[in-house]
Amino acid sequence: MPASPIAAPDAAALAKLDLDRVRALSKRCVACPLYQLGTQTVFGEGPRGARILIVGEQPGDREDLAGRPFVGPAGRLLDEALVEAGIDRGEVYVTNAVKHFKWKPEGKRRLHQKPNAREIAACRPWLDAEMALVAPDIVVALGATAAQALMGAAFRVTKDRGRQFHPPWTRTFVATVHPSSILRAPPDRRDAERRAFVADLKRVAALGKVTGKCAPGKSR
Ligand code: URA
């Protein structure tokens with residue numbers, strides 16, 4: 001019998017399941033039209049119990065084909081910056097606000113399109129379930145789409161990047177720029193942008209050391 005499509009994912013119900021089961025269910029999501037556009041759902045990956053959960057915008061062309069988040073050019077920059085910041089990507093849970101690639105054809109290329117508020121909201125239960133099941137100490141948003149999806153439309157990465165916030169749904173939230181914005185920066189700005197990105201991640205690394213899951217007295 002074919003598995004039925006999921007038009008209205010329920011974050012609370014999903015959060016009672018195992019992460020692998022939620023990942024499998026996400027493959028059946030039809031909560032917004034993007035499932036018709038992407039090759040597959042690109043769910044997050046990383047250890048359950050990771051201290052740091054990183055949220056990007058949506059899978060890109062490479063991620064859509066590979067079925068894994070941040071494996072293309074932006075992912076390479078992210079990986080290098082994490083190393084420089086002293087963060088092991090293998091210990092981080094990496095995901096996206098939207099789990100399908102939104103694109104439009106341009107010649108032979110698939111050109112990235114920003115997801116809209118409805119698409120972001122439709123995908124939110126999957127992200128909420130991931131955050132509930134991973135239960136990180138720190139949620140890091142990369143770029144405005146992820147930051148605003150989590151903190152509201154008034155949030156400005158330009159103003160508040162690198163700052164700590166303590167919303168009700170996680171212990172600590174930090175936003176920084178999206179690595180794609182560094183790749184798109186004019187050549188004379190790129191190095192400075194990259195250094196600022198690494199500096200933000202170093203702040204996250206330092207927070208991770210302070211609020212570690214094994215810290216005495218921590219309860220969750
Ligand atoms: N950009 C994102 O926001 N996420 C990815 O997974 C890849 C590129």
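In this predicted model, Cys123 is buried, with a relative accessible area of 8%, and Cys29 is likewise buried, at a relative accessible area of 10%. The two cysteines are not joined, because the sulfur of Cys29 is 6.1 Å from its closest cysteine sulfur, that of Cys123, which is too far for a bond. The other topic of this briefing is the ligand, whose space is the largest pocket.

**Cysteines**

- A disulfide is a covalent bond between the sulfur atoms of two cysteines, and the number of disulfides counted here is 0.
- Cys123 takes part in no disulfide, given that the nearest cysteine sulfur, which belongs to Cys29, is 6.1 Å away, whereas a disulfide would need the two sulfur atoms to be within 2.5 Å.

**Surroundings of the ligand**

- The residues around the ligand are Gly56, Glu57, Gln58, Pro59, Gly60 and Glu63, together with Pro69, Phe70, Asn96 and His178.
- Sorted by class, this shell consists of 5 polar, 3 nonpolar and 2 charged residues.

**Polar contacts and burial of the ligand**

- Asn96 contributes a polar side-chain atom, which lies 2.7 Å from a nitrogen atom of the ligand.
- Gln58 approaches through its backbone, where a polar atom is 2.9 Å from a nitrogen atom of the ligand.
- Phe70 also takes part through a polar backbone atom, in this case at 2.8 Å from an oxygen atom of the ligand.
- Taken alone, the ligand would expose 240 Å², and the protein buries 94% of that area.

Definitions and conventions. Residues are numbered from 1 along each chain as its sequence is written. This is a predicted model: local features need pLDDT of at least 70, side-chain atom pairs count only at pLDDT 80 or more; totals for chains, interfaces and linings use all residues. Side-chain values use heavy atoms; hydrogens and water are left out. A residue is near a molecule or strand if one of its heavy atoms lies within 4 Å of it. A polar contact is a pair of N or O atoms within 3.5 Å; within protein, one must be able to donate a hydrogen and the other to accept it, and residues adjacent in sequence count only if both atoms are side-chain atoms. Accessible areas come from the Shrake-Rupley method with a 1.4 Å probe; for residues, only the protein chains shown count as cover. On a 1 Å grid over the protein atoms alone, a cavity is a set of points where a 1.4 Å probe fits but cannot get out, and a pocket is an open set with protein on both sides within 12 Å along at least five of seven lines; lining residues have an atom within 4 Å of a point. A molecule sits in a cavity or pocket if more than half of its atoms lie within 2 Å of its grid points. Ala, Val, Leu, Ile, Met, Phe, Trp, Tyr, Cys and Pro count as nonpolar, Asp, Glu, Lys and Arg as charged, and the others, Gly among them, as polar. Buried means under 20% relative accessible area, exposed over 50%, partly exposed in between (1.4 Å probe, protein chains only).
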